[in-house]
Amino acid sequence: MGMGCNESVGRPDRAALSEAACVGDSLDTWFAREILSHEAALIRYLTRAWFARDEIHDMRQEVYLRVYEAAAKALPHSPKAFLFTTARHLIADRVRRKRIVSIESGWDCDALDVLVDEISPERRTGAHQELSSLARAFDLLPPRCREVVWMRRVEERSQKEVAAQLGIGEAMVEKHIAKAMRRLADALFGCHFSEAPTGEANNPVREDPYGRQHRN
Amino acid sequence: MEDSIGIEEIAADWLARRDRGAWSDTDQAELTAWMDASTAHRIAYIRLEAVWESARCLKTLALESPLGDAPRPRVLPYLPVCRTVKLLVVSDDSTSPSLEAEPPEQ
(Lines give C-alpha, C1' and ligand atoms only; values in the text may rest on other atoms or scores of the structure.)
Protein backbone atom coordinates (compact mmCIF):
# COMPACT_ATOMS: atom_id res chain seq x y z
CA MET A 1 0.00 0.00 0.00
CA GLY A 2 1.46 3.28 -1.03
CA MET A 3 -0.03 5.01 1.96
CA GLY A 4 -0.28 8.26 0.12
CA CYS A 5 -3.39 10.33 -0.31
CA ASN A 6 -2.68 11.06 -3.93
CA GLU A 7 -1.37 9.17 -6.89
CA SER A 8 0.95 11.79 -8.21
CA VAL A 9 3.81 10.87 -5.93
CA GLY A 10 6.32 9.22 -8.23
CA ARG A 11 8.66 6.45 -7.27
CA PRO A 12 12.24 7.47 -6.77
CA ASP A 13 14.59 5.79 -9.18
CA ARG A 14 16.57 2.85 -7.96
CA ALA A 15 19.88 4.68 -7.69
CA ALA A 16 18.39 7.48 -5.64
CA LEU A 17 16.70 4.94 -3.43
CA SER A 18 19.90 2.98 -2.80
CA GLU A 19 21.62 6.15 -1.87
CA ALA A 20 18.78 7.17 0.39
CA ALA A 21 18.74 3.74 1.98
CA CYS A 22 21.96 4.61 3.77
CA VAL A 23 19.76 6.63 6.07
CA GLY A 24 17.77 4.54 8.51
CA ASP A 25 14.50 6.33 7.95
CA SER A 26 14.59 5.74 4.24
CA LEU A 27 15.04 2.03 4.61
CA ASP A 28 11.95 2.10 6.79
CA THR A 29 10.08 4.00 4.11
CA TRP A 30 11.26 1.59 1.45
CA PHE A 31 10.14 -1.30 3.60
CA ALA A 32 6.68 0.12 4.13
CA ARG A 33 6.20 0.82 0.45
CA GLU A 34 7.80 -2.21 -1.19
CA ILE A 35 7.26 -4.96 1.34
CA LEU A 36 4.33 -4.17 3.59
CA SER A 37 2.22 -3.49 0.51
CA HIS A 38 2.30 -7.23 -0.23
CA GLU A 39 1.14 -8.29 3.20
CA ALA A 40 -2.26 -9.56 2.09
CA ALA A 41 -0.65 -11.87 -0.47
CA LEU A 42 2.02 -12.93 2.02
CA ILE A 43 -0.61 -13.93 4.57
CA ARG A 44 -2.53 -15.90 1.95
CA TYR A 45 0.68 -17.62 0.92
CA LEU A 46 1.66 -18.55 4.46
CA THR A 47 -1.85 -19.64 5.32
CA ARG A 48 -2.01 -22.00 2.38
CA ALA A 49 1.48 -23.33 2.74
CA TRP A 50 1.49 -23.81 6.49
CA PHE A 51 -0.93 -25.88 8.49
CA ALA A 52 -0.70 -24.15 11.86
CA ARG A 53 -2.61 -20.89 11.68
CA ASP A 54 -1.61 -19.80 15.14
CA GLU A 55 1.97 -19.62 13.90
CA ILE A 56 1.24 -17.35 10.94
CA HIS A 57 1.64 -14.11 12.90
CA ASP A 58 5.09 -15.15 14.13
CA MET A 59 6.04 -16.37 10.68
CA ARG A 60 5.04 -13.08 9.14
CA GLN A 61 7.29 -11.33 11.64
CA GLU A 62 10.17 -13.63 10.86
CA VAL A 63 9.82 -13.14 7.10
CA TYR A 64 9.81 -9.37 7.59
CA LEU A 65 12.81 -9.61 9.83
CA ARG A 66 14.84 -11.55 7.31
CA VAL A 67 13.84 -9.24 4.47
CA TYR A 68 14.60 -6.09 6.47
CA GLU A 69 17.97 -7.30 7.61
CA ALA A 70 18.95 -8.39 4.12
CA ALA A 71 17.75 -5.07 2.68
CA ALA A 72 19.82 -3.19 5.22
CA LYS A 73 22.88 -4.70 3.54
CA ALA A 74 21.67 -4.41 -0.03
CA LEU A 75 18.26 -3.59 -1.42
CA PRO A 76 16.85 -6.45 -3.47
CA HIS A 77 16.18 -5.65 -7.13
CA SER A 78 12.76 -7.19 -7.01
CA PRO A 79 11.34 -6.67 -3.52
CA LYS A 80 8.23 -8.73 -4.10
CA ALA A 81 10.08 -11.74 -5.49
CA PHE A 82 12.57 -11.47 -2.66
CA LEU A 83 9.76 -11.37 -0.10
CA PHE A 84 8.19 -14.56 -1.38
CA THR A 85 11.49 -16.34 -1.79
CA THR A 86 12.21 -15.50 1.82
CA ALA A 87 8.81 -16.83 2.86
CA ARG A 88 9.46 -20.04 0.94
CA HIS A 89 12.83 -20.50 2.62
CA LEU A 90 11.28 -19.93 6.01
CA ILE A 91 8.69 -22.61 5.36
CA ALA A 92 11.36 -24.99 4.11
CA ASP A 93 13.36 -24.34 7.30
CA ARG A 94 10.36 -25.03 9.46
CA VAL A 95 9.49 -28.17 7.59
CA ARG A 96 13.02 -29.39 8.08
CA ARG A 97 13.02 -28.45 11.74
CA LYS A 98 9.70 -30.01 12.51
CA ARG A 99 10.39 -33.08 10.40
CA ILE A 100 6.83 -33.07 9.19
CA VAL A 101 7.94 -34.57 5.97
CA SER A 102 11.35 -35.54 4.88
CA ILE A 103 12.79 -33.29 2.19
CA GLU A 104 14.11 -36.39 0.45
CA SER A 105 10.65 -37.87 0.25
CA GLY A 106 9.77 -35.26 -2.29
CA TRP A 107 8.36 -32.20 -0.58
CA ASP A 108 8.12 -29.91 -3.53
CA CYS A 109 9.33 -26.36 -3.13
CA ASP A 110 8.32 -25.58 -6.71
CA ALA A 111 4.70 -26.02 -5.81
CA LEU A 112 4.96 -22.91 -3.68
CA ASP A 113 6.32 -20.88 -6.60
CA VAL A 114 3.18 -21.50 -8.56
CA LEU A 115 1.13 -20.52 -5.58
CA VAL A 116 2.71 -17.07 -5.40
CA ASP A 117 1.54 -16.08 -8.86
CA GLU A 118 -1.85 -17.48 -8.19
CA ILE A 119 -2.45 -15.62 -4.96
CA SER A 120 -0.63 -12.44 -5.78
CA PRO A 121 -1.70 -11.17 -9.17
CA GLU A 122 -0.05 -7.92 -10.12
CA ARG A 123 -2.55 -5.21 -9.50
CA ARG A 124 -2.42 -1.53 -9.67
CA THR A 125 -3.23 0.05 -6.39
CA GLY A 126 -4.12 3.64 -6.93
CA ALA A 127 -5.32 6.28 -4.57
CA HIS A 128 -8.86 5.30 -5.42
CA GLN A 129 -8.41 1.73 -4.26
CA GLU A 130 -6.53 2.79 -1.16
CA LEU A 131 -9.30 5.12 -0.14
CA SER A 132 -11.94 2.46 -0.49
CA SER A 133 -9.80 -0.02 1.47
CA LEU A 134 -9.36 2.57 4.15
CA ALA A 135 -13.10 3.24 4.29
CA ARG A 136 -13.80 -0.47 4.66
CA ALA A 137 -11.13 -0.91 7.30
CA PHE A 138 -12.51 2.07 9.18
CA ASP A 139 -16.01 0.64 9.14
CA LEU A 140 -14.78 -2.62 10.63
CA LEU A 141 -13.60 -0.81 13.76
CA PRO A 142 -15.64 -1.12 16.94
CA PRO A 143 -17.88 1.97 17.32
CA ARG A 144 -15.87 3.70 20.06
CA CYS A 145 -12.57 3.18 18.24
CA ARG A 146 -14.12 4.51 15.07
CA GLU A 147 -15.32 7.61 16.82
CA VAL A 148 -11.94 8.29 18.39
CA VAL A 149 -10.11 7.80 15.08
CA TRP A 150 -12.57 10.08 13.37
CA MET A 151 -12.07 12.85 15.89
CA ARG A 152 -8.29 12.52 15.84
CA ARG A 153 -7.72 12.03 12.14
CA VAL A 154 -10.54 13.90 10.48
CA GLU A 155 -11.46 16.56 12.98
CA GLU A 156 -7.85 16.77 14.13
CA ARG A 157 -8.71 17.22 17.77
CA SER A 158 -6.11 16.43 20.38
CA GLN A 159 -6.42 13.32 22.51
CA LYS A 160 -7.27 15.61 25.39
CA GLU A 161 -10.13 17.21 23.49
CA VAL A 162 -11.40 13.83 22.39
CA ALA A 163 -11.40 12.65 25.99
CA ALA A 164 -13.34 15.71 27.14
CA GLN A 165 -15.86 15.43 24.32
CA LEU A 166 -16.54 11.75 24.93
CA GLY A 167 -16.39 12.02 28.70
CA ILE A 168 -13.71 9.39 29.06
CA GLY A 169 -10.19 9.46 30.44
CA GLU A 170 -7.21 10.30 28.28
CA ALA A 171 -5.68 6.92 28.99
CA MET A 172 -8.81 5.35 27.52
CA VAL A 173 -8.50 7.46 24.37
CA GLU A 174 -4.93 6.25 24.02
CA LYS A 175 -6.10 2.67 24.41
CA HIS A 176 -8.72 3.09 21.71
CA ILE A 177 -6.13 4.55 19.38
CA ALA A 178 -3.67 1.72 19.99
CA LYS A 179 -6.41 -0.81 19.34
CA ALA A 180 -7.61 1.02 16.25
CA MET A 181 -4.10 1.04 14.77
CA ARG A 182 -3.78 -2.70 15.07
CA ARG A 183 -7.22 -3.36 13.67
CA LEU A 184 -6.68 -0.95 10.77
CA ALA A 185 -3.33 -2.55 9.99
CA ASP A 186 -4.85 -6.01 9.88
CA ALA A 187 -7.71 -4.84 7.71
CA LEU A 188 -5.59 -2.74 5.38
CA PHE A 189 -2.52 -4.87 5.00
CA GLY A 190 -3.23 -8.40 5.70
CA CYS A 191 -6.15 -10.18 7.09
CA HIS A 192 -9.76 -9.38 6.54
CA PHE A 193 -11.77 -10.37 9.55
CA SER A 194 -14.99 -10.58 7.58
CA GLU A 195 -13.54 -13.15 5.20
CA ALA A 196 -12.73 -15.75 7.80
CA PRO A 197 -13.98 -19.12 6.59
CA THR A 198 -16.05 -19.98 9.62
CA GLY A 199 -18.95 -21.50 7.75
CA GLU A 200 -21.92 -20.55 9.85
CA ALA A 201 -23.02 -16.99 9.34
CA ASN A 202 -24.44 -16.50 12.79
CA ASN A 203 -21.56 -18.05 14.59
CA PRO A 204 -20.81 -15.48 17.31
CA VAL A 205 -17.11 -16.24 17.21
CA ARG A 206 -15.06 -15.70 14.10
CA GLU A 207 -11.46 -16.42 13.49
CA ASP A 208 -8.99 -14.20 11.72
CA PRO A 209 -6.31 -15.65 9.45
CA TYR A 210 -3.93 -15.81 12.38
CA GLY A 211 -6.21 -18.21 14.18
CA ARG A 212 -7.21 -15.63 16.78
CA GLN A 213 -10.85 -15.63 17.71
CA HIS A 214 -13.08 -12.60 17.77
CA ARG A 215 -16.59 -12.19 19.09
CA ASN A 216 -19.04 -10.80 16.59
CA MET B 1 12.05 -14.92 19.30
CA GLU B 2 9.73 -12.61 21.19
CA ASP B 3 6.02 -13.10 20.76
CA SER B 4 5.05 -11.17 17.65
CA ILE B 5 1.59 -10.24 18.90
CA GLY B 6 3.06 -8.88 22.13
CA ILE B 7 5.52 -6.76 20.14
CA GLU B 8 2.71 -5.42 18.00
CA GLU B 9 0.79 -4.40 21.12
CA ILE B 10 3.77 -2.53 22.51
CA ALA B 11 4.37 -0.81 19.18
CA ALA B 12 0.74 0.33 19.16
CA ASP B 13 1.11 1.66 22.70
CA TRP B 14 4.16 3.66 21.64
CA LEU B 15 2.37 5.19 18.67
CA ALA B 16 -0.69 6.03 20.73
CA ARG B 17 1.50 7.62 23.36
CA ARG B 18 3.31 9.69 20.76
CA ASP B 19 -0.06 10.66 19.32
CA ARG B 20 -0.96 12.13 22.70
CA GLY B 21 1.35 15.08 22.02
CA ALA B 22 3.77 16.73 24.45
CA TRP B 23 6.41 14.35 23.17
CA SER B 24 9.63 14.99 25.03
CA ASP B 25 13.23 14.21 24.16
CA THR B 26 13.17 11.61 26.89
CA ASP B 27 10.15 9.95 25.30
CA GLN B 28 11.91 9.93 21.95
CA ALA B 29 15.06 8.48 23.49
CA GLU B 30 13.04 5.70 25.10
CA LEU B 31 11.25 4.96 21.85
CA THR B 32 14.51 4.92 19.91
CA ALA B 33 16.02 2.56 22.45
CA TRP B 34 13.05 0.23 22.12
CA MET B 35 13.21 0.30 18.33
CA ASP B 36 16.96 -0.26 18.29
CA ALA B 37 16.66 -3.19 20.65
CA SER B 38 15.27 -5.45 17.95
CA THR B 39 14.49 -5.28 14.25
CA ALA B 40 11.18 -6.93 15.05
CA HIS B 41 10.31 -3.92 17.23
CA ARG B 42 11.25 -1.55 14.45
CA ILE B 43 9.20 -3.38 11.84
CA ALA B 44 6.12 -3.55 14.04
CA TYR B 45 6.41 0.17 14.62
CA ILE B 46 6.93 1.03 10.92
CA ARG B 47 3.92 -1.05 10.00
CA LEU B 48 1.53 0.61 12.41
CA GLU B 49 2.96 4.06 11.78
CA ALA B 50 2.28 3.66 8.05
CA VAL B 51 -1.30 2.76 8.83
CA TRP B 52 -1.82 5.62 11.25
CA GLU B 53 -0.42 8.05 8.69
CA SER B 54 -2.70 6.68 6.03
CA ALA B 55 -5.66 7.21 8.33
CA ARG B 56 -5.23 10.91 7.60
CA CYS B 57 -6.76 10.13 4.23
CA LEU B 58 -10.07 9.61 6.01
CA LYS B 59 -10.26 13.34 5.73
CA THR B 60 -10.45 13.03 1.97
CA LEU B 61 -13.41 10.74 2.43
CA ALA B 62 -14.97 13.10 4.92
CA LEU B 63 -14.80 15.97 2.45
CA GLU B 64 -17.44 14.41 0.28
CA SER B 65 -19.64 13.44 3.16
CA PRO B 66 -22.16 16.14 4.04
CA LEU B 67 -21.83 15.66 7.76
CA GLY B 68 -22.29 19.06 9.24
CA ASP B 69 -23.15 18.54 12.85
CA ALA B 70 -24.80 15.23 12.17
CA PRO B 71 -23.51 12.20 14.02
CA ARG B 72 -20.51 10.53 12.49
CA PRO B 73 -21.47 7.95 9.91
CA ARG B 74 -21.33 4.32 10.73
CA VAL B 75 -20.66 3.71 7.11
CA LEU B 76 -18.57 6.07 5.08
CA PRO B 77 -19.55 6.81 1.52
CA TYR B 78 -18.16 4.16 -0.73
CA LEU B 79 -17.07 3.90 -4.30
CA PRO B 80 -16.72 5.52 -6.63
CA VAL B 81 -14.75 7.70 -4.29
CA CYS B 82 -12.74 9.77 -6.74
CA ARG B 83 -15.69 10.27 -9.05
CA THR B 84 -17.81 11.35 -6.13
CA VAL B 85 -15.25 13.88 -5.01
CA LYS B 86 -15.13 15.36 -8.50
CA LEU B 87 -18.89 15.40 -8.78
CA LEU B 88 -19.23 17.30 -5.58
CA VAL B 89 -16.58 19.75 -6.61
CA VAL B 90 -17.99 20.56 -10.01
CA SER B 91 -21.68 20.53 -9.27
CA ASP B 92 -23.81 22.54 -6.93
CA ASP B 93 -26.68 20.13 -6.68
CA SER B 94 -26.99 17.67 -3.87
CA THR B 95 -25.61 14.56 -5.48
CA SER B 96 -24.11 13.65 -2.17
CA PRO B 97 -23.55 9.98 -1.55
CA SER B 98 -25.88 8.26 0.79
CA LEU B 99 -24.49 7.50 4.20
CA GLU B 100 -26.33 4.22 4.06
CA ALA B 101 -24.56 3.13 0.88
CA GLU B 102 -23.51 -0.47 0.84
CA PRO B 103 -19.97 -1.43 0.00
CA PRO B 104 -19.74 -2.55 -3.62
CA GLU B 105 -17.95 -5.73 -2.77
CA GLN B 106 -17.25 -7.70 0.30
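**Exercise 1.** In this predicted model, decide whether Glu156(A) counts as buried, partly exposed or exposed.

Solution. Step 1: the relative accessibility of Glu156(A) is 48%. Step 2: buried means under 20% and exposed means over 50%, with partly exposed in between. Step 3: Glu156(A) therefore counts as partly exposed. As for its place, Glu156(A) sits in the loop between H8 and helix H9 (159-166) of chain A. Its phi is positive, about 55°, although the residue is not a glycine.

**Exercise 2.** State where Ala22(B) lies and whether it is buried or exposed.

Solution. Step 1: Ala22(B) is found in the loop between helix H1 (4-19) and helix H2 (25-37) of chain B. Step 2: its relative accessible area is 81%, so Ala22(B) is exposed. Step 3: Ala22(B), a residue other than glycine, also has a positive phi, near 50°.

**Exercise 3.** Classify the aromatic pair of Phe31(A) and Tyr64(A).

Solution. Step 1: over all chains there are six aromatic pairs. Step 2: in the pair of Phe31(A) and Tyr64(A), the centres are 5.5 Å apart and the planes make an angle of 80°. Step 3: planes over 60 degrees apart count as edge-to-face, and this pair is edge-to-face. Step 4: Phe31(A) belongs to helix H2 (residues 24-35) of chain A and Tyr64(A) to helix H4 (residues 56-73) of chain A, 33 residues apart. Step 5: Phe31(A) is buried at a relative accessible area of 0%, and Tyr64(A) is buried at 1%. Step 6: ring pairs join Phe31(A), Tyr64(A) and Tyr68(A) into a cluster.

Notes: Residues numbered from 1 in each chain as written. Chains lettered and ligands numbered in written order. Predicted model: local features only at pLDDT ≥ 70, side-chain atom pairs only at ≥ 80, totals over all residues. Heavy atoms only, no water. Phe/Tyr/Trp six-rings, centres within 6.5 Å; stacked < 30°, edge-to-face > 60°. Helix = DSSP H or I, 4+ residues; strand = E, 2+ residues; numbered from the N terminus. Buried < 20%, exposed > 50% of the residue type's maximum accessible area, 1.4 Å probe, protein only.
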